[in-house]
Amino acid sequence: MGEVTEKLLAYQSNPLRFDIPWTDLQVDQIAALNERFVERKEQIKLLAHRASEAEITQIKTLKDMVPLLFPHTAYKSYPESFLVEEKWDRLSKWLGTISPHTIASIDMDQIVDIDDWIDQLQAKGNYISCSSGTTGKSAMLIASEKDMDWSRVDTVNVFAWGSGVEPRQDRKLIGCAPVATVPKNVVISEAQYAAFANPDWPRWVYPVPPITVGALTKMVVMRKKIADGTAMPQELADFENTSEERQAILDSAIEKTADEIIASRDKKLMVAGLWSGLYAVAKIVRDKGYSAKDFDPDNCIYVGGGLKRARLPDDYQQFVHETFNIPAQRTFQNYSMQELNSGMPKCREGGRYHLPPWIVPFLLNEEGDELLPMGDGEVEGRAAFFDLSLDGRWGGVITGDKISIDFGPCTCGNRGASVRDNIVRFADIKGDDKIGCAGTVDAYVRGMS
């Protein structure tokens, strides 16, 4: 890792890391991007291909990096047949096109399903996480042990900064949503428990069966079969029965979680989940006769993601806060994504998501192939980032998000760049989302794997 990159990563635990003007960081960020490019261009096959196509030999400006940012769909570029037909050797080869590290050899005879494949890779230092695939094929993201170590520290730092809650091991942690059992989620959960939870108070884990990558993959494969009409009658019946059973478990989990919160009302709580799950639990708590007056006035809340298309009353946030007696300054929200390794926490005063020095922002046109003018006030465009902390894969990604970045000071007093809380997905705006380079990237990776 280069000297300038190390300099920017050293801000990880610096309390002033969000107070550095973007203009003061730009020279170092460009130098760090070039360090990363020189280091990785021969290690990541897809990066080498993109650099050759664009005739990029070094990074002198942010514009030079744009052709080298991977569309988020690059992590979905494996042929679906690899999953449907359980071609684990081919899937391993595909990983080799997007990672700088050698993919460990595995014992194919010991693999029954994708969870076995992931376990074998993880045992040799290759960590695979995957998205839920709710709108299509799952993204699979490879990470290294260094990435896991970074996440352990980053998750505690961003929560403490964004919520004002010090890691004093004085809270009971309550999960109000099912969480995918993927390496990064597991690492984050363990780190938060170690930092914020009273060790004598076990974490309340949302009482649903573990959501493994295998379970997510089976769901994606089944949806694909239903969509193309190849699902057999018995497969459809099993899928419907499983869906009904899951719904019954979820309904039960909501009430069990509400009962646990009521039973723990004498303790300082940290409740976590999506707004939809938090609201559902809060409603049952209210229905049972409990509200703010029954809870500690220093409770806090960790909200992950947005509404995820859930339909809630206009006052859903106020309802949740008032139910659990959570002060406004104890609410934590974070702008991040599986493709990145670091979070952008929302400040309490300005309500904006703040970029740390090691995340380099790019605002692109809708097609994702042109850099917009940045640095003067607020600019709106397609979000792209380079996370310099990433080790197990390339740090540059073009997202599906439309965002507004202000490059001036925030009302919270911090002078670094920040993202307005009006993030939307292009797919939700247009019903579809096409990134200009996605087709050529997909074709290249398929050809290599």
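Helices here are DSSP runs of at least four residues, numbered from the N terminus. The exercises below concern a predicted model.

**Exercise 1. The end of helix H13**

Task: Determine which residues of helix H13 (residues 316-324) are buried, what covers them, and which residue follows the helix.

Solution.
1. A residue counts as buried when its relative accessible area is under 20%. In H13 the residues that meet this criterion are Tyr316, Phe319, Val320, His321, Thr323 and Phe324.
2. An α-helix has 3.6 residues a turn, so residues three or four places apart point the same way.
3. The cover over the buried residues of H13 includes H11, strand S5 (269-273), helix H12 (275-287), strand S6 (300-303) and S7.
4. After H13 comes Asn325, with a positive phi near 60°.

**Exercise 2. Positive phi in two loops**

Task: Locate Glu86 and Gln169, and state whether each is buried or partly exposed.

Solution.
1. Most residues other than glycine have a negative phi, and most peptide bonds are trans.
2. Glu86, which is not a glycine, has a positive phi near 55°. Its place is the loop between H5 and helix H6 (88-95).
3. With a relative accessible area of 44%, Glu86 is partly exposed.
4. Gln169 is likewise not a glycine, and its phi is positive, about 55°. It belongs to the loop between H8 and strand S4 (172-175).
5. Gln169 is partly exposed as well, at 41% relative accessibility.
6. Glu85 also lies in the loop between H5 and H6, and at 49% relative accessibility it counts as partly exposed. From its C-alpha atom to that of Leu141, 56 residues away along the chain, the separation is 20 Å.

**Exercise 3. Three buried residues and their surroundings**

Task: For Asn34, Tyr335 and Ser144, identify the element or loop that holds each residue and list the contacts beyond its sequence neighbours.

Solution.
1. Asn34 is part of helix H2 (residues 22-40). Its relative accessible area of 18% falls under the 20% limit, so the residue is buried.
2. Once neighbours within four places in sequence are set aside, the contacts of Asn34 are Gln58 and Ile59.
3. Tyr335 belongs to strand S7 (residues 331-335). Its relative accessibility is 6%, and it therefore counts as buried.
4. Under the same exclusion of neighbours within four places, Tyr335 is in contact with Gly343, Met344, Tyr353, Ala383, Phe385, Asp401, Ile403, Val419 and Ile423.
5. One of these partners, Ile423, is 88 residues from Tyr335 in sequence, while the C-alpha to C-alpha distance is 9.2 Å.
6. Ser144 occupies the loop between strand S3 (140-143) and helix H8 (145-163). Its relative accessibility is 7%, so Ser144 is buried.
7. Apart from neighbours within four places in sequence, Ser144 makes contact with His101, Gly125, Tyr127, Asp391 and Gly392.

**Exercise 4. The second largest pocket**

Task: Describe the volume of the second largest pocket, the residues closest to its centre, and the composition of its lining.

Solution.
1. The volume of the second largest pocket is about 410 Å³.
2. Its lining consists of 20 residues, and Thr217, Lys218, Met219, Val221 and Met222 are the closest to the centre.
3. At least two lining residues come from each of helix H5 (81-84), helix H10 (213-228) and helix H11 (233-263).
4. H10 provides the largest share of the lining, eight residues.
5. Sorted by class, the lining holds ten nonpolar, three polar and seven charged residues.

**Exercise 5. The chain as a whole**

Task: Decide why the protein chain may be called as compact as a globular protein of its length, and describe its extent and surface.

Solution.
1. The protein chain contains 15 helices and 14 strands.
2. Its radius of gyration is 22 Å, and the globule rule gives 22 Å for 449 residues; the chain is therefore as compact as a globular protein of that length.
3. The C-alpha trace spans about 65 × 60 × 40 Å along its principal axes.
4. Buried residues make up 51% of the 449 residues.
5. Among contacts with a separation of 6 or more, 73% join residues 24 or more positions apart.
6. The accessible surface is about 19,800 Å², and carbon and sulfur atoms account for 50% of it.

Notes: Residues numbered from 1 in each chain as written. Predicted model: local features only at pLDDT ≥ 70, side-chain atom pairs only at ≥ 80, totals over all residues. Heavy atoms only, no water. 1 Å grid on protein atoms, 1.4 Å probe; cavity = no way out; pocket = protein on both sides within 12 Å on 5 of 7 lines; lining within 4 Å. Points joined across faces, edges and corners; volume = space filled by probe spheres on them. Nonpolar A, V, L, I, M, F, W, Y, C, P; charged D, E, K, R; others polar. Rg over C-alpha atoms; globule rule 2.2 N^0.38 Å. Buried < 20%, exposed > 50% of the residue type's maximum accessible area, 1.4 Å probe, protein only. Contact = heavy atoms within 4.5 Å. Areas by Shrake-Rupley, 256 points an atom, 1.4 Å probe, with all protein chains shown as cover.
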